[in-house]
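User: I'm new to reading protein structures, and I'd like a close look at just one part of this one. Could you walk me through the place where the ligand sits?

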Amino acid sequence: MAVTVSFGIQKGGASKTTTAGIFTYLLARDGMRVLACDMDCQGNLTELITGIAANEFYERTVLEAIQEKDAERFIYRVNDSIDILPANNLLSLLPRYLYQTFGFHDPNIYNVLSDILGPIKDRYDWVVIDTPPALSEATMNSLVASDYVVVMFESSQWCYSAIPNFLESVLLAQKLNPRLQVAGILRTLNDVRRADAKAFNDLIGEEYPDLVFETIIRRKAATGRLAINGFDPENKELLDGIEQYEAFYKEMMARVTVTQ
Ligand SMILES: Nc1ncnc2c1ncn2[C@@H]1O[C@H](COP(=O)(O)OP(=O)(O)OP(=O)(O)O)[C@@H](O)[C@H]1O
Ligand SMILES: [Mg+2]
């Protein structure tokens with residue numbers, strides 16, 4: 001049965017998608033079968049992993065999979081190791097679909113992703129979910145479908161403000177899915193020249209000593225440009241872009257193995 005991990009924080013631009021994409025790449029490199037699942041209507045993970053514009057997946061996305069209660073038909077095969085359930089802007093219609101179908105007070109609105117992943121999970125070693133920058137229905141569904149969540153912390157005041165409410169959403173999701181655990185908080189997009197970034201890193205370390213990953217991901221051009229050049233073996237900066245994630249990857253695998 002696959003291990004399912006979400007990358008989340010309601011603050012925008014905290015490297016959720018980049019990290020989910022690199023984590024998927026590293027798992028596949030090490031021989032694991034991965035299903036990536038894009039739960040953000042921006043469709044960034046879809047574009048990062050497939051190299052295809054998200055609009056090209058019109059009516060072939062995770063939204064239709066949820067509506068038709070069938071993930072299988074909407075899986076796009078990227079290569080021998082990676083499949084993806086894509087997303088595009090129309091995933092913003094998910095709340096309307098949920099409330100029209102279930103009504104406002106039915107907790108099943110948070111189970112629809114978990115329900116469609118259930119029957120296909122045993123084909124994979126990992127399911128990697130990218131979430132949107134909001135505490136939305138898409139995020140709650142991602143958490144309820146997950147064994148682990150990695151909380152992304154981009155060293156800034158507004159990301160710092162986001163963490164308590166994100167952890168409250170995790171608590172809410174745990175009522176529906178008691179398997180869910182916080183794998184850790186990943187400090188990212190770190191600008192080593194900024195004293196305030198260092199101060200926020202230290203603060204998070206002091207407030208959440210049991211949760212922070214030791215690895216701190218730096219702001220690095222080659223990592224940022226993965227959004228342009230992707231994981232194409234022809235991308236000359238690929239190794240340079242992902243290299244700083246190897247330490248996080250090791251820590252993550254150790255935490256998952258220990259707690260499984
Ligand atoms: N370590 C890094 N170094 C440099 N640039 C990075 C790094 N990580 C991400 N980026 C860039 O920063 C921007 C935000 O990253 P990304 O889109 O992964 O964040 P996100 O949390 O998924 O954003 P959103 O909340 O919009 O979904 C992107 O342009 C991305 O290419
Ligand atoms: Mg994103």
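How many residues surround ligand 1, and which are the closest?

Analyst: Sure, but keep in mind that this is a predicted model. Around ligand 1 there are 20 residues, and the closest are Ala14, Ser15, Thr17, Thr18 and Lys220. If you sort that shell by class, you get nine polar, six charged and five nonpolar residues.

Now for the elements behind it. Helix H1 (16–29), strand S8 (212–218) and helix H9 (221–224) each put at least two residues into the shell around ligand 1. H1 gives the most, with three residues.

Next, zoom in on the atoms. The side chain of lysine 16 has an N or O atom 2.8 Å from an oxygen atom of ligand 1. Aspartate 40 also reaches an oxygen atom of the ligand with its side chain, and there the distance to an N or O atom is 3.5 Å. Lysine 220 uses its backbone instead: a backbone N or O atom lies 2.8 Å from a nitrogen atom of ligand 1. As for how wrapped up the ligand is, it has 620 Å² of accessible area on its own, and the protein covers 80% of that.

Let's step back to the space itself. Ligand 1 takes up space in the largest pocket, which holds about 680 Å³. The lining of this pocket comes to 35 residues, and those nearest its centre are Leu48, Leu226, Ala227, Gly230 and Phe231. By class, the lining has 15 nonpolar, 14 polar and six charged residues.

Several elements build that lining: H1, helix H2 (44–50), strand S7 (181–190), S8, H9 and helix H10 (226–229) each supply at least two residues. H1 again gives the most, this time with seven residues. So if you want one element to follow by eye, try H1, the top contributor both to the shell around the ligand and to the pocket lining.

Notes:
Residues numbered from 1 in each chain as written. Chains lettered and ligands numbered in written order. Predicted model: local features only at pLDDT ≥ 70, side-chain atom pairs only at ≥ 80, totals over all residues. Heavy atoms only, no water. Near = heavy atom within 4 Å. Polar contact = N/O pair within 3.5 Å; in protein donor to acceptor, adjacent residues only side chain to side chain. Areas by Shrake-Rupley, 256 points an atom, 1.4 Å probe, with all protein chains shown as cover. 1 Å grid on protein atoms, 1.4 Å probe; cavity = no way out; pocket = protein on both sides within 12 Å on 5 of 7 lines; lining within 4 Å. Sits in = over half its atoms within 2 Å of the grid points. Helix = DSSP H or I, 4+ residues; strand = E, 2+ residues; numbered from the N terminus. Nonpolar A, V, L, I, M, F, W, Y, C, P; charged D, E, K, R; others polar. Points joined across faces, edges and corners; volume = space filled by probe spheres on them.
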